[in-house]
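Subject: A structure for you to look at

Hi,

Here is the structure I promised to pass on. Have a look at it first, and then read my notes below.

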Amino acid sequence: MGQKKITDDLHALLSVLPPPAAKAVVDADDSDNLLEVILDLGRLPTARFMDREVVLNQVEVAHEDIDYVVERIGEFDADNRAGLERTLHRISAIRNRRGYIVGLTCRVGRAVYGTPISSRI
C-alpha cells in the first residue's frame, strides 16, 4: 500500500486570522489535529482539535477581530460560506437579524493523497 500524504495549507488559514489567535494555534503545537477555529462575537476565541477544545485568548472576540478576517477572505455566498483561494479551507459566517456578521467558523480543509479511490472485495 502506498504512503499517504496530507496537505492542508494551514499557513493560508492562519494568515487570515487575527494575529493573537493565529499565534495561539501555532503555540498549541497540534496542527495535524486542528479541525476549526471559532470566532464568535463576545465569546473567547476557540480552536477545536480532534480530541479537545483550546481557548486561544482570554480576550473576547470583538467586531475588529471579525472584520480582520472578513477583509482577508473572498466573498460570502448566499449560504454564508466563503473559501480561501486555492485551498480547501472554508469559513462560515453567522449573521444577526440585521445581516451583520457576528461569528465565524474557520474550518481546516485537507487533501489526502495516496489513498485508494476504490477497493476490491
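In which sense do strand β2 and strand β3 pair, and over how many bridges? Before I get to that, please keep in mind that this is a predicted model. Now for the pairing: β2 covers residues 34–40 and β3 covers residues 46–49, and the two run antiparallel, joined over four bridges. If you want one spot to zoom in on, try V37, whose bridge partner in β3 is A47.

That pair belongs to something wider. Follow the strands across and you get an open sheet of six, in the order β4-β3-β2-β7-β6-β5, with antiparallel pairing. At the edges sit β4 (53–55) and β5 (81–83), each of which pairs on one side only. On average, neighbouring strands in this sheet are turned by 20° against each other, ignoring direction.

There is a helix to look at here too. Helix α3, made of residues 63–70, lies across β2, β6 (90–95) and β7 (101–107). Its angle to β7 is about 50°.

Next, the charged side chains. Side chains of opposite charge can pair when their charged atoms come close. In this model the count of salt bridges is eight, and I picked out a few for you.

- R48 and E53: the closest N and O atoms are 2.9 Å apart. R48 is partly exposed, at 33% relative accessibility, while E53 is exposed, at 52%.
- R72 and E71: this salt bridge has an N to O distance of 3.7 Å. R72 counts as partly exposed at 37%, whereas E71 is exposed, with a relative accessible area of 61%.
- D79 and R81: here the closest N and O atoms lie 3.5 Å apart. D79 is partly exposed at 43%, and R81 is also partly exposed, at 43%.

Why does E53 get called exposed, when R48 is called partly exposed? The word exposed is kept for values over 50%, and partly exposed runs from there down to 20%, so E53 at 52% is exposed and R48 at 33% is partly exposed.

One last thing about R48 and E53: they also belong to a network of salt bridges that links E36, R48, E53 and R107. Try showing those four side chains together on your screen, and you can trace the network for yourself.

Have fun with it!

Definitions and conventions: Residues are numbered from 1 along each chain as its sequence is written. This is a predicted model: local features need pLDDT of at least 70, side-chain atom pairs count only at pLDDT 80 or more; totals for chains, interfaces and linings use all residues. Side-chain values use heavy atoms; hydrogens and water are left out. Buried means under 20% relative accessible area, exposed over 50%, partly exposed in between (1.4 Å probe, protein chains only). Two strands pair if DSSP finds at least two bridges between them. Axes are lines fitted to C-alpha atoms, for helices over the stretch in contact, and angles run from 0 to 180 degrees between N-to-C directions. Contact means heavy atoms within 4.5 Å.
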